[in-house]
Amino acid sequence: MVGAVMAPPSSPLRFEPQPRAARDAFGRAMTYLRISLTDRCNFRCVYCMPALGMKFQPRDELLTDDELVRVVRLCAKTGFTKLRLTGGEPTIRPRIVELVRAMKATPGIEELSMTTNGLLLNRLADPLAGAGLDRVNISIDTLDPDKFKLMTRGGRLDLVWQGIEAADAAGLRPIKLNTVVMRGQNDAEVGEMAALTLANAWQVRFLEIMPLEGVGAVHDEGLVTSEETQERLEARFGPLTPVEVPPGDPARVWRIPGAVGTVGFISPVSAPFCAACNRVRLTADGKLRLCLLRPDEVDLRDLMRAGADDAALELQMRAGIWRKPWGHGLAEGERETVRGMSQIGG
Ligand code: SAM
Ligand code: SF4
(Lines give C-alpha, C1' and ligand atoms only; values in the text may rest on other atoms or scores of the structure.)
(Ligands and ions follow the chains in the order given, each with its own letter.)
Protein backbone atom coordinates (compact mmCIF):
# COMPACT_ATOMS: atom_id res chain seq x y z
CA MET A 1 0.00 0.00 0.00
CA VAL A 2 1.34 3.41 -0.92
CA GLY A 3 0.25 6.37 1.22
CA ALA A 4 -0.37 9.99 0.28
CA VAL A 5 1.23 13.06 1.81
CA MET A 6 -1.16 14.76 4.23
CA ALA A 7 -2.67 17.88 2.55
CA PRO A 8 -1.06 21.22 3.48
CA PRO A 9 -2.97 23.74 5.57
CA SER A 10 -5.21 25.82 3.28
CA SER A 11 -3.89 29.33 4.00
CA PRO A 12 -0.13 29.62 4.37
CA LEU A 13 1.14 32.66 6.29
CA ARG A 14 2.86 35.69 4.67
CA PHE A 15 6.66 35.90 4.72
CA GLU A 16 8.26 38.32 7.17
CA PRO A 17 11.86 37.89 8.33
CA GLN A 18 11.56 36.43 11.83
CA PRO A 19 13.84 37.22 14.73
CA ARG A 20 14.55 33.60 15.73
CA ALA A 21 13.84 30.07 14.53
CA ALA A 22 13.21 30.06 10.80
CA ARG A 23 9.77 28.75 9.88
CA ASP A 24 8.25 27.84 6.59
CA ALA A 25 4.97 29.20 5.26
CA PHE A 26 3.11 26.32 6.89
CA GLY A 27 4.47 27.14 10.35
CA ARG A 28 7.01 24.30 10.54
CA ALA A 29 10.15 25.37 12.45
CA MET A 30 13.41 24.23 10.84
CA THR A 31 15.86 23.05 13.47
CA TYR A 32 17.75 20.23 11.77
CA LEU A 33 20.38 20.66 9.04
CA ARG A 34 21.78 17.68 7.15
CA ILE A 35 25.10 18.52 5.59
CA SER A 36 26.62 16.61 2.68
CA LEU A 37 30.39 16.92 3.07
CA THR A 38 31.21 15.30 -0.27
CA ASP A 39 29.42 13.61 -3.16
CA ARG A 40 32.18 10.97 -3.34
CA CYS A 41 32.17 7.58 -1.67
CA ASN A 42 34.32 4.52 -1.06
CA PHE A 43 31.30 2.25 -1.78
CA ARG A 44 28.90 2.10 -4.74
CA CYS A 45 25.67 0.81 -3.18
CA VAL A 46 23.22 -0.49 -5.76
CA TYR A 47 20.30 1.60 -4.42
CA CYS A 48 22.35 4.81 -4.26
CA MET A 49 24.63 5.01 -7.30
CA PRO A 50 24.38 3.61 -10.83
CA ALA A 51 27.00 1.01 -11.81
CA LEU A 52 28.41 3.27 -14.51
CA GLY A 53 28.33 6.92 -15.44
CA MET A 54 28.54 8.43 -11.94
CA LYS A 55 29.96 11.95 -12.25
CA PHE A 56 31.55 13.65 -9.26
CA GLN A 57 31.86 17.38 -8.81
CA PRO A 58 35.22 19.11 -9.18
CA ARG A 59 36.66 19.84 -5.74
CA ASP A 60 36.57 23.61 -6.20
CA GLU A 61 32.79 23.39 -6.55
CA LEU A 62 32.44 21.90 -3.06
CA LEU A 63 32.18 24.17 -0.03
CA THR A 64 35.48 24.79 1.71
CA ASP A 65 35.85 24.11 5.44
CA ASP A 66 35.56 27.83 6.18
CA GLU A 67 32.41 28.15 4.08
CA LEU A 68 30.87 25.13 5.81
CA VAL A 69 31.57 26.51 9.26
CA ARG A 70 30.17 29.89 8.22
CA VAL A 71 26.91 28.32 7.02
CA VAL A 72 26.65 26.34 10.26
CA ARG A 73 27.16 29.52 12.31
CA LEU A 74 24.41 31.29 10.36
CA CYS A 75 22.09 28.31 10.62
CA ALA A 76 22.60 28.23 14.38
CA LYS A 77 21.68 31.92 14.46
CA THR A 78 18.56 31.05 12.47
CA GLY A 79 17.38 28.53 15.06
CA PHE A 80 19.01 25.26 13.95
CA THR A 81 20.15 23.15 16.89
CA LYS A 82 20.89 19.77 15.29
CA LEU A 83 23.38 18.90 12.57
CA ARG A 84 23.96 15.62 10.75
CA LEU A 85 27.01 15.07 8.57
CA THR A 86 26.42 12.84 5.58
CA GLY A 87 27.30 12.54 1.90
CA GLY A 88 28.53 10.68 -0.14
CA GLU A 89 30.72 9.28 2.59
CA PRO A 90 31.46 11.97 5.20
CA THR A 91 34.46 10.16 6.71
CA ILE A 92 36.49 10.53 3.49
CA ARG A 93 36.38 14.34 3.74
CA PRO A 94 39.89 15.61 4.53
CA ARG A 95 40.20 17.19 8.02
CA ILE A 96 36.89 15.64 9.13
CA VAL A 97 37.92 15.63 12.80
CA GLU A 98 38.76 19.35 12.76
CA LEU A 99 35.49 20.11 10.96
CA VAL A 100 33.52 18.22 13.58
CA ARG A 101 35.31 20.12 16.33
CA ALA A 102 34.59 23.51 14.73
CA MET A 103 30.93 22.72 14.05
CA LYS A 104 30.27 21.33 17.53
CA ALA A 105 31.86 24.42 19.08
CA THR A 106 29.37 26.69 17.28
CA PRO A 107 27.12 28.43 19.82
CA GLY A 108 23.56 27.12 19.48
CA ILE A 109 24.51 23.69 18.08
CA GLU A 110 23.32 21.15 20.64
CA GLU A 111 23.72 17.88 18.76
CA LEU A 112 26.06 16.74 16.02
CA SER A 113 25.63 13.31 14.45
CA MET A 114 26.81 11.50 11.33
CA THR A 115 25.46 8.98 8.84
CA THR A 116 28.30 6.81 7.54
CA ASN A 117 28.95 3.48 5.87
CA GLY A 118 31.25 2.74 8.82
CA LEU A 119 34.23 1.58 6.75
CA LEU A 120 36.66 4.07 8.33
CA LEU A 121 35.16 4.18 11.83
CA ASN A 122 37.61 1.62 13.12
CA ARG A 123 40.26 4.35 13.20
CA LEU A 124 38.03 7.47 13.27
CA ALA A 125 35.42 6.69 15.94
CA ASP A 126 37.66 7.72 18.85
CA PRO A 127 38.98 10.99 17.39
CA LEU A 128 35.50 11.95 16.16
CA ALA A 129 34.01 11.33 19.59
CA GLY A 130 36.85 13.34 21.12
CA ALA A 131 36.10 16.23 18.75
CA GLY A 132 32.46 16.33 19.86
CA LEU A 133 30.54 13.99 17.57
CA ASP A 134 27.56 12.76 19.59
CA ARG A 135 26.39 9.70 17.69
CA VAL A 136 26.37 7.80 14.39
CA ASN A 137 23.96 6.03 12.09
CA ILE A 138 25.78 3.27 10.23
CA SER A 139 24.44 1.80 7.01
CA ILE A 140 24.55 -1.99 6.84
CA ASP A 141 22.13 -3.91 4.65
CA THR A 142 23.09 -7.53 5.30
CA LEU A 143 25.15 -9.75 7.60
CA ASP A 144 26.27 -11.97 4.73
CA PRO A 145 29.77 -10.93 3.52
CA ASP A 146 29.14 -12.02 -0.09
CA LYS A 147 25.80 -10.24 -0.32
CA PHE A 148 27.38 -7.20 1.33
CA LYS A 149 30.02 -7.16 -1.38
CA LEU A 150 27.31 -7.32 -4.04
CA MET A 151 25.07 -4.62 -2.52
CA THR A 152 27.94 -2.18 -1.92
CA ARG A 153 29.75 -3.24 -5.11
CA GLY A 154 32.93 -4.29 -3.38
CA GLY A 155 32.60 -3.40 0.32
CA ARG A 156 34.01 -5.53 3.17
CA LEU A 157 31.55 -6.42 5.90
CA ASP A 158 34.24 -7.34 8.45
CA LEU A 159 35.68 -3.82 8.36
CA VAL A 160 32.24 -2.22 8.72
CA TRP A 161 31.50 -4.50 11.64
CA GLN A 162 34.75 -3.39 13.30
CA GLY A 163 33.58 0.18 12.68
CA ILE A 164 30.27 -0.48 14.47
CA GLU A 165 32.11 -1.96 17.45
CA ALA A 166 34.54 0.96 17.51
CA ALA A 167 31.65 3.46 17.44
CA ASP A 168 29.94 1.66 20.31
CA ALA A 169 33.16 1.55 22.33
CA ALA A 170 33.78 5.27 21.65
CA GLY A 171 30.34 6.09 23.09
CA LEU A 172 28.79 7.32 19.81
CA ARG A 173 25.41 6.16 21.10
CA PRO A 174 22.60 5.36 20.64
CA ILE A 175 23.91 3.52 17.61
CA LYS A 176 21.42 3.27 14.78
CA LEU A 177 21.91 0.86 11.88
CA ASN A 178 20.25 1.75 8.54
CA THR A 179 19.14 -1.08 6.28
CA VAL A 180 17.62 -0.37 2.87
CA VAL A 181 15.36 -3.34 2.19
CA MET A 182 15.49 -4.64 -1.39
CA ARG A 183 13.41 -7.41 -2.88
CA GLY A 184 15.49 -10.42 -3.87
CA GLN A 185 18.64 -9.04 -2.23
CA ASN A 186 18.26 -8.69 1.54
CA ASP A 187 14.50 -8.84 2.17
CA ALA A 188 14.66 -12.43 3.41
CA GLU A 189 17.30 -11.36 5.94
CA VAL A 190 15.44 -8.63 7.81
CA GLY A 191 14.85 -11.02 10.72
CA GLU A 192 18.62 -11.54 11.13
CA MET A 193 19.16 -7.76 11.14
CA ALA A 194 16.34 -7.20 13.64
CA ALA A 195 17.71 -9.98 15.87
CA LEU A 196 20.76 -7.76 16.50
CA THR A 197 18.51 -5.70 18.80
CA LEU A 198 17.85 -8.67 21.09
CA ALA A 199 21.19 -8.26 22.88
CA ASN A 200 22.43 -4.83 21.71
CA ALA A 201 20.98 -1.45 22.69
CA TRP A 202 20.96 -0.45 19.03
CA GLN A 203 18.14 0.69 16.77
CA VAL A 204 17.97 -1.24 13.49
CA ARG A 205 16.02 0.86 11.00
CA PHE A 206 14.50 -0.51 7.82
CA LEU A 207 14.29 2.04 4.99
CA GLU A 208 12.10 1.93 1.91
CA ILE A 209 14.14 2.51 -1.22
CA MET A 210 13.46 5.86 -2.91
CA PRO A 211 13.65 6.52 -6.67
CA LEU A 212 16.39 9.13 -6.93
CA GLU A 213 18.42 9.92 -10.04
CA GLY A 214 20.29 6.87 -11.33
CA VAL A 215 18.34 4.30 -9.30
CA GLY A 216 14.76 4.70 -10.56
CA ALA A 217 14.68 1.21 -12.10
CA VAL A 218 16.32 -0.31 -8.99
CA HIS A 219 13.52 1.22 -6.94
CA ASP A 220 10.84 -0.11 -9.29
CA GLU A 221 12.18 -3.67 -9.03
CA GLY A 222 13.30 -3.58 -5.42
CA LEU A 223 10.79 -1.66 -3.29
CA VAL A 224 9.64 -3.53 -0.19
CA THR A 225 7.18 -1.53 1.92
CA SER A 226 7.64 -1.16 5.66
CA GLU A 227 4.33 -2.95 6.13
CA GLU A 228 5.73 -6.03 4.44
CA THR A 229 8.96 -5.88 6.45
CA GLN A 230 7.01 -5.51 9.69
CA GLU A 231 4.85 -8.53 8.78
CA ARG A 232 8.00 -10.59 8.24
CA LEU A 233 9.37 -9.55 11.63
CA GLU A 234 6.09 -10.29 13.42
CA ALA A 235 5.87 -13.71 11.75
CA ARG A 236 9.24 -14.52 13.31
CA PHE A 237 9.23 -12.69 16.66
CA GLY A 238 5.51 -12.21 17.45
CA PRO A 239 3.75 -8.82 17.79
CA LEU A 240 6.10 -5.84 18.15
CA THR A 241 5.46 -3.27 20.88
CA PRO A 242 5.30 0.41 19.84
CA VAL A 243 7.92 2.77 21.30
CA GLU A 244 7.33 6.52 21.59
CA VAL A 245 9.76 8.74 19.63
CA PRO A 246 10.52 12.46 19.78
CA PRO A 247 8.55 14.66 17.35
CA GLY A 248 10.31 15.05 13.99
CA ASP A 249 11.79 11.52 14.08
CA PRO A 250 10.99 9.99 10.68
CA ALA A 251 11.07 6.44 12.07
CA ARG A 252 8.15 4.56 13.58
CA VAL A 253 9.83 2.57 16.33
CA TRP A 254 8.95 -0.80 17.85
CA ARG A 255 10.49 -3.37 20.16
CA ILE A 256 10.73 -7.12 19.71
CA PRO A 257 9.42 -8.78 22.90
CA GLY A 258 12.32 -8.96 25.37
CA ALA A 259 14.78 -7.05 23.16
CA VAL A 260 17.29 -4.57 24.57
CA GLY A 261 17.26 -2.43 21.41
CA THR A 262 14.53 -1.33 19.03
CA VAL A 263 13.58 -1.61 15.36
CA GLY A 264 12.45 1.35 13.26
CA PHE A 265 10.66 1.74 9.95
CA ILE A 266 11.34 4.70 7.67
CA SER A 267 8.66 4.78 5.01
CA PRO A 268 9.08 7.75 2.66
CA VAL A 269 7.14 5.92 -0.08
CA SER A 270 4.27 4.28 1.77
CA ALA A 271 3.85 6.68 4.73
CA PRO A 272 5.55 10.06 4.08
CA PHE A 273 6.43 12.07 7.18
CA CYS A 274 6.36 15.49 5.44
CA ALA A 275 3.82 17.04 7.85
CA ALA A 276 6.35 16.83 10.71
CA CYS A 277 9.39 17.79 8.62
CA ASN A 278 11.87 19.97 10.52
CA ARG A 279 14.88 19.59 8.23
CA VAL A 280 16.64 21.13 5.28
CA ARG A 281 19.81 19.95 3.55
CA LEU A 282 23.06 21.54 2.52
CA THR A 283 24.43 19.86 -0.61
CA ALA A 284 28.17 19.34 -0.98
CA ASP A 285 28.24 22.15 -3.54
CA GLY A 286 26.65 24.58 -1.14
CA LYS A 287 22.97 24.71 -2.06
CA LEU A 288 20.41 24.84 0.71
CA ARG A 289 18.04 22.11 -0.49
CA LEU A 290 14.61 22.72 0.94
CA CYS A 291 13.14 19.22 0.42
CA LEU A 292 15.02 15.97 -0.30
CA LEU A 293 12.84 15.29 -3.32
CA ARG A 294 12.13 18.75 -4.77
CA PRO A 295 14.58 20.76 -6.88
CA ASP A 296 14.15 24.17 -5.18
CA GLU A 297 17.53 25.24 -3.70
CA VAL A 298 19.17 28.44 -2.38
CA ASP A 299 22.67 28.85 -3.81
CA LEU A 300 24.58 29.81 -0.67
CA ARG A 301 27.96 28.99 -2.23
CA ASP A 302 27.61 31.46 -5.07
CA LEU A 303 26.22 34.11 -2.73
CA MET A 304 29.22 33.67 -0.42
CA ARG A 305 31.70 33.67 -3.29
CA ALA A 306 30.08 36.84 -4.66
CA GLY A 307 30.84 38.55 -1.34
CA ALA A 308 27.44 38.45 0.41
CA ASP A 309 27.64 39.53 4.05
CA ASP A 310 26.11 37.55 6.91
CA ALA A 311 22.92 39.61 6.97
CA ALA A 312 22.30 39.03 3.24
CA LEU A 313 22.99 35.31 3.58
CA GLU A 314 20.70 34.99 6.59
CA LEU A 315 17.89 36.75 4.74
CA GLN A 316 18.26 34.40 1.75
CA MET A 317 18.27 31.39 4.06
CA ARG A 318 15.15 32.52 5.87
CA ALA A 319 13.37 33.37 2.61
CA GLY A 320 14.30 29.94 1.18
CA ILE A 321 13.07 28.12 4.26
CA TRP A 322 9.85 30.13 4.03
CA ARG A 323 9.12 28.66 0.60
CA LYS A 324 10.00 25.08 1.59
CA PRO A 325 7.61 22.80 -0.33
CA TRP A 326 4.90 21.16 1.74
CA GLY A 327 5.92 17.64 0.74
CA HIS A 328 7.16 15.33 -1.96
CA GLY A 329 5.13 13.40 -4.52
CA LEU A 330 6.60 9.89 -4.23
CA ALA A 331 3.19 8.45 -3.47
CA GLU A 332 1.86 10.01 -6.68
CA GLY A 333 4.70 8.47 -8.70
CA GLU A 334 6.96 11.55 -8.82
CA ARG A 335 10.71 10.94 -8.69
CA GLU A 336 13.97 12.88 -8.52
CA THR A 337 15.67 12.81 -11.92
CA VAL A 338 18.42 15.40 -11.50
CA ARG A 339 20.38 14.65 -8.35
CA GLY A 340 21.22 11.31 -6.75
CA MET A 341 21.12 10.56 -3.03
CA SER A 342 24.89 10.88 -2.64
CA GLN A 343 24.81 14.37 -4.19
CA ILE A 344 21.95 15.71 -2.08
CA GLY A 345 23.07 14.12 1.17
CA GLY A 346 20.80 11.30 2.27
N1 SAM B 1 27.59 7.08 2.91
C2 SAM B 1 26.82 7.22 4.08
C3 SAM B 1 25.98 6.00 4.36
O4 SAM B 1 25.81 5.18 3.46
O5 SAM B 1 25.48 5.90 5.47
C6 SAM B 1 25.97 8.48 4.11
C7 SAM B 1 25.27 8.85 2.85
S8 SAM B 1 23.97 7.75 2.35
C9 SAM B 1 23.37 8.55 0.91
C10 SAM B 1 22.76 8.09 3.62
C11 SAM B 1 21.66 7.06 3.76
O12 SAM B 1 20.87 7.05 2.60
C13 SAM B 1 22.17 5.64 3.95
O14 SAM B 1 21.58 5.08 5.11
C15 SAM B 1 21.70 4.92 2.73
O16 SAM B 1 21.37 3.58 3.02
C17 SAM B 1 20.47 5.73 2.33
N18 SAM B 1 20.11 5.65 0.93
C19 SAM B 1 20.91 5.78 -0.15
N20 SAM B 1 20.20 5.67 -1.29
C21 SAM B 1 18.92 5.45 -0.92
C22 SAM B 1 17.70 5.26 -1.64
N23 SAM B 1 17.66 5.26 -2.96
N24 SAM B 1 16.56 5.09 -0.92
C25 SAM B 1 16.59 5.08 0.44
N26 SAM B 1 17.70 5.28 1.16
C27 SAM B 1 18.85 5.44 0.49
FE1 SF4 C 1 28.18 5.53 -0.54
FE2 SF4 C 1 26.36 5.78 1.35
FE3 SF4 C 1 25.65 5.90 -1.22
FE4 SF4 C 1 26.44 3.59 -0.21
S5 SF4 C 1 24.62 4.75 0.42
S6 SF4 C 1 27.13 4.49 -2.17
S7 SF4 C 1 27.94 4.19 1.25
S8 SF4 C 1 26.90 7.34 -0.17
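Visitor: Where does Cys45 lie?
Guide: Cys45 sits in the loop between strand E1 (32–36) and H1. Keep in mind that this is a predicted model.

Visitor: Why does Cys45 count as buried?
Guide: The cut-off for buried is under 20% relative accessible area. Cys45 has 15% relative accessibility, so Cys45 counts as buried.

Visitor: Which residues is Cys45 in contact with, leaving aside neighbours within four places in sequence?
Guide: Cys45 contacts Met151, Thr152 and Arg153.

Visitor: What does UniProt list together with Cys45?
Guide: In UniProt, an unreviewed entry lists Cys41, Cys45 and Cys48 for "binding site".

Visitor: Where is Cys48 found?
Guide: Cys48 is in the loop between E1 and H1.

Visitor: Why is Cys48 called buried?
Guide: Its relative accessible area is 17%. Buried means under 20%, so Cys48 qualifies. With neighbours within four places in sequence left aside, Cys48 is in contact with Val215, Met341 and Ser342.

Visitor: Which residues surround ligand 2?
Guide: Cys41, Cys45 and Cys48 are among them. The others are Phe43, Arg44, Tyr47, Met49, Gly88 and Asn117.

Visitor: How does the shell around ligand 2 divide into nonpolar, polar and charged residues?
Guide: The shell has 6 nonpolar residues, 2 polar and 1 charged. Arg counts as charged, so Arg44 goes there. Gly counts as polar, so Gly88 goes there.

Visitor: Which other residues does the UniProt annotation "binding site" cover?
Guide: The annotation, from an unreviewed entry, also covers Cys274, Cys277 and Cys291.

Visitor: How do you know that they cluster in space?
Guide: Look at the C-alpha distances. The largest is 9.2 Å, although the residues are spread over 18 residues of sequence.

Visitor: What makes Cys277 and Cys291 buried?
Guide: Compare each with the cut-off, under 20%. Cys277 has 14% relative accessibility, so Cys277 counts as buried. Cys291 has 10%, so Cys291 does too.

Visitor: What is the place of each residue, Cys277 and Cys291?
Guide: Cys277 is in the loop between strand E9 (262–266) and strand E10 (279–282). Cys291 is in strand E11 (residues 287–291).

Visitor: What does each touch, not counting residues up to four places away in sequence?
Guide: Cys277 touches Arg28, Met30 and Lys324. Cys291 is in contact with Lys324, Pro325 and His328. Lys324 appears in both lists.

Visitor: How many disulfides does a search of the whole structure find?
Guide: The search finds 0.

Visitor: Why is Cys75 too far from the closest cysteine sulfur for a bond?
Guide: A disulfide needs two cysteine sulfur atoms within 2.5 Å. The closest sulfur to that of Cys75 is in Cys277, 14 Å away, so there is no disulfide between them. Cys75 has 0% relative accessibility, so Cys75 counts as buried.

Visitor: Which residues touch the most other members in the largest nonpolar core?
Guide: Ile35, Met103 and Phe206 do, in a core of 84 residues. Helix H1 (residues 65–77) gives the most to this core, with 6 residues. Apart from this core lies another, of 8 residues, including Met210, Val215, Leu293 and Leu330.

Visitor: What does Met103 touch, not counting residues up to four places away in sequence?
Guide: Met103 touches Ile35, Leu37, Leu68, Val72, Leu83, Leu85, Ile109 and Leu112.

Notes:
Residues numbered from 1 in each chain as written. Chains lettered and ligands numbered in written order. Predicted model: local features only at pLDDT ≥ 70, side-chain atom pairs only at ≥ 80, totals over all residues. Heavy atoms only, no water. Core = buried A, V, L, I, M, F, W, Y, C linked by side-chain atoms within 4.5 Å. Buried < 20%, exposed > 50% of the residue type's maximum accessible area, 1.4 Å probe, protein only. Helix = DSSP H or I, 4+ residues; strand = E, 2+ residues; numbered from the N terminus. Contact = heavy atoms within 4.5 Å. Near = heavy atom within 4 Å. UniProt positions renumbered as here; feature names shortened; annotations may be inferred.
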